[in-house]
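Colleague: Could you take a close look at one part of this model with me? I'd like to hear how it's put together and what it packs against.

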Amino acid sequence: MAGGKTVAAQRQAWICFEDEAGQTLRPPKARTWGRRGHTPQIPVSGKGSGRVSIAGLACYKPGQRPRLIYRTITHRGRKNERRSFGERDYISLLDAAHQQLGGPIVLVWDNLNTHISAAMRQMIAARDWLNVIRLPAYAPDLNPTEQVWSHLKRSIGNLAVHGVDHLLTIIRNRLKRIQYRPDLLDGFLTHTGLTLDDST
């Protein structure tokens, strides 16, 4: 990670941590209050199927407000429907982040097969504003975007939704709230133990 900070400082670049998450119509379990001896139960409709996949970037630069940039894909369980992000989806997210941030990007992400495919390497090589650093295997604790997903899932714990479109609306609403809380995004970076100061 030190190498990424050095490159970012030299190029005056943003350091962007990427990760993916997904949520089905089944709500994540969470703690709640209830009368003693009466376990609270929330009815979940068995109708319909679907999943919302999210790819997000937690972006940091010294002297700038941190940013959260994300894209969603809705899976409705249709035949031959892609169930995850592909190379073009990721590069579209990175191009949008480059436009929004207005500067070079040092991208930090894991070794997902889509991240290291020949097609992805070719697309990355065509973008001179993009440097990529891969996280070590099994190191989610070094990625602040993991904390974004944890916070999101806690906020929708025990929440019963009426369908995949309702789920998508709630997810976008919760992520927008996080976008407007730079203190929270800074906290996610602090939780990893990483700093933006190259002197440490």
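Modeller: Let's start with Y138, which counts as exposed because its relative accessibility is 84% (exposed is over 50% relative accessible area, buried under 20%, partly exposed in between, with a 1.4 Å probe and protein chains only). Y138 sits in the loop between β5 (130-134) and α4 (helices are DSSP runs of H or I of at least four residues, strands runs of E of at least two, numbered from the N terminus). Its phi is positive, about 55 degrees, although Y138 isn't a glycine.

Bear in mind that this is a predicted model, with residues numbered from 1 along each chain as its sequence is written, and that local features need pLDDT of at least 70. Side-chain atom pairs count only at pLDDT 80 or more, while totals for chains, interfaces and linings use all residues, and side-chain values use heavy atoms, with hydrogens and water left out.

Now for α4 itself, which covers residues 144-155 and packs on α5 (residues 164-179) at about 125 degrees, with the axes 10 Å apart (axes are lines fitted to C-alpha atoms, for helices over the stretch in contact, and angles run from 0 to 180 degrees between N-to-C directions). That angle is why α4 is called oblique to α5 (under 35 degrees is roughly parallel, over 145 roughly antiparallel, 65 to 115 roughly perpendicular, the rest oblique). The crossing of α4 and α5 is right-handed, meaning that the near helix is turned clockwise from the far one by less than a right angle; anticlockwise would be left-handed.

Who's touching whom here? From α4 it's V148, W149, H151, L152 and S155, and they meet I171, R174, L175 and I178 of α5 (contact is heavy atoms within 4.5 Å). By type, that contact has six nonpolar residues, two polar and one charged (nonpolar: Ala, Val, Leu, Ile, Met, Phe, Trp, Tyr, Cys and Pro; charged: Asp, Glu, Lys and Arg; polar: the others, Gly among them).

α4 also packs against α6, at about 120 degrees and with axes 8 Å apart. So α4 is oblique to α6, and this crossing is right-handed too. On the α4 side the contact uses P144, Q147, V148 and H151, and on the α6 side L184, L185, F188, L189, H191 and T192. That group splits into six nonpolar, four polar and no charged residues.

Looking at α6 (residues 182-192) in its own right, L184, L185, F188, L189 and T192 are buried. They lie on the same side of the helix because they span an arc of only 145 degrees around the axis (judged from the directions from the helix axis to the C-beta atoms). On the other side of α6, T190 and H191 are exposed. The buried set packs against α4 and α5, and also against strands β1 (14-24), β2 (51-60) and β3 (67-75). Right after α6 comes G193, with a positive phi near 85 degrees.

To place this in the chain, the protein has six helices and five strands, running α-β-β-β-α-β-α-β-α-α-α from the N terminus. Of its 200 residues, 42% are buried. Among contacts between residues at least 6 apart in sequence, 75% join residues at least 24 apart.
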